[in-house]
Amino acid sequence: MARRIAAGAAYGGGGIGLIGAAAVGVFLAEVQLAKRQVGGGTAPVPPSADGRYGVAFAGPSDAMRLGMLGDSTAAGQGVRRTGQTPGALLASGLAAVAERPVDLRNVALPGARSDDLDRQVSLLLADPARTPDVCVIMIGANDVTHRMPATQSVRCLTTAVRRLRTAGAEVVVGTCPDLGTIEPVYQPLRWLARRVSRQLAAAQTIGVVEQGGRTVSLGDLLGPEFAANPRELFGPDNYHPSAEGYATAAMAVLPTLCAVLGLWPESDRLDGTRREDILPVAKAASQAAREAGTEVTGARAPWALLKHRRRRRLPAATEPTPHVHPDTAHGRAQGASGGS
């Protein structure tokens, strides 16, 4: 199914859905029940994390530029402090590993679907002198809940990755999370949510790898933590992650973010004890969707490298300096008026 979705996205197909028509009625009824329970609290507006991190490393070398795109997960909705957002955590971690300052610009928008990525990419690439060195995209959950056709979703994502890669930026995509891990979701919606989330995540991986990007499966990464510590890892609305939840996700993405910039030790040897392998890209995508925290990167077509990088402890995130680029406020104003 993931291969069919990715092929439809690449060659113009649009009729491949995420679930069968017979399941739609049950799905929508369960969604309404889940929404009533999820809405028990209100998630705070995500704090702006734009700015420079790792100022202690300031020196003759220029700061690296990190761009964040996507939905509420990328924006950090559910936390109140700048340093708790995934963008701030990744920027701080990247600065510590590279020993260079990192300028973060986050154009993610809560509620965004993949069709909003075109606007977000345009914001990041508006100034050619500030093209990001690397971008992290987290997208997909709203595509599932709003029943966006999977082929359209993947097509929008791959177009965004292609534009960023053409501009010279490396790209790491955190694929669609497993919505079946959300506590208020009951059966049969939980089974449907898990199935369609994994299908979309696998299709996203195929499309991103073909465009020269890397993916990290978020999947049910937070599932065990949510089940064991729901009060600690769910935000106030029982839907978005808390600060601890975002830190867990950031620890899974950071090693790939460093590796794509050549900052992480790489080895030509695959570690069999960690189930690393070279597989056809569709098979690698499917396997990654089933096991959270798995990185997929392209090898020689049609093969892909499946890696399970070690998670490292993130350094404490620091608040950014008050320095703001002149067009940051203008870009955020555009995002507020043009978001989905």
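Okay, let's start with helix α7. Its buried residues are Ala150, Thr151, Ser153, Val154, Leu157, Thr158, Ala160, Val161 and Leu164. Before I go on, please keep in mind that this is a predicted model.

So what does α7 look like along its length? We've got 17 residues, and at 1.5 Å a residue they should span 24 Å; the end C-alpha atoms of α7 are indeed 24 Å apart, so the two agree. Just past the end of α7 you'll find glycine 168, with a positive phi of about 105 degrees.

Now go to the other side of α7, to the loop that joins α6 (141-145) to α7 (150-166). Arginine 147 sits in that loop. Its phi is near 55 degrees, which is positive, and this is a residue other than glycine. As a reminder, most residues other than glycine have a negative phi. Is arginine 147 buried or exposed? Partly exposed, because its relative accessible area is 44%, and you'd need over 50% to call it exposed.

There's another one of these, glutamate 99. Here too phi is near 55 degrees, again a positive value in a residue other than glycine. Glutamate 99 lies in the loop between α4 (86-98) and β3 (102-106). With a relative accessible area of 54%, glutamate 99 does count as exposed.

Right, on to helix packing. Back to α7, and let's bring in α5, residues 117-124. The two helices pack at an angle of about 15 degrees, and their axes are 9 Å apart. That angle is under 35 degrees, so we call α5 roughly parallel to α7. As for handedness, α5 and α7 make a right-handed crossing. Which residues meet there? From α5 we have Leu117, Asp118, Val121 and Ser122, and from α7 we have Cys156, Leu157, Ala160, Arg163 and Leu164. Sorted by class, that contact has six nonpolar residues, one polar and two charged. If you recall the buried list for α7, Leu157, Ala160 and Leu164 were on it.

The next pair is α4, the helix leading into the glutamate 99 loop, and α11, residues 243-260. These pack at an angle of about 40 degrees, with 9 Å between the axes. That makes α4 oblique to α11. This crossing is right-handed as well. On the α4 side the contact is made by Pro86, Leu89, Leu90, Gly93, Leu94 and Val97, and on the α11 side by Tyr246, Ala247, Ala250, Val253, Leu254, Leu257 and Cys258. By class that comes to twelve nonpolar residues, one polar and no charged ones.

One more residue I'd like you to click on is leucine 124, in helix α5. Leucine 124 counts as buried, because its relative accessibility is 4% and the cut-off is under 20%. What is leucine 124 in contact with, leaving aside neighbours within four places in sequence? Gly67, Leu69, Arg105, Val107, Arg130, Pro132 and Cys135. Have a look at asparagine 106 too: it is 18 residues from leucine 124 along the chain, and their C-alpha atoms are separated by 8.7 Å.

Let me zoom out to finish. The chain has 13 helices and nine strands. Of its 340 residues, 54% count as buried. And if you take contacts between residues at least 6 apart in sequence, 80% of them join residues at least 24 apart. Okay, that's me done.

Methods
Residues are numbered from 1 along each chain as its sequence is written. This is a predicted model: local features need pLDDT of at least 70, side-chain atom pairs count only at pLDDT 80 or more; totals for chains, interfaces and linings use all residues. Side-chain values use heavy atoms; hydrogens and water are left out. Helices (H or I, at least four residues) and strands (E, at least two) are DSSP runs, numbered from the N terminus. Buried means under 20% relative accessible area, exposed over 50%, partly exposed in between (1.4 Å probe, protein chains only). The expected span of a helix is 1.5 Å times one less than its number of residues. Axes are lines fitted to C-alpha atoms, for helices over the stretch in contact, and angles run from 0 to 180 degrees between N-to-C directions. Angles under 35 degrees count as roughly parallel, over 145 as roughly antiparallel, 65 to 115 as roughly perpendicular and the rest as oblique. A crossing is left-handed if the near helix is turned anticlockwise from the far one by less than a right angle, and right-handed if clockwise. Contact means heavy atoms within 4.5 Å. Ala, Val, Leu, Ile, Met, Phe, Trp, Tyr, Cys and Pro count as nonpolar, Asp, Glu, Lys and Arg as charged, and the others, Gly among them, as polar.
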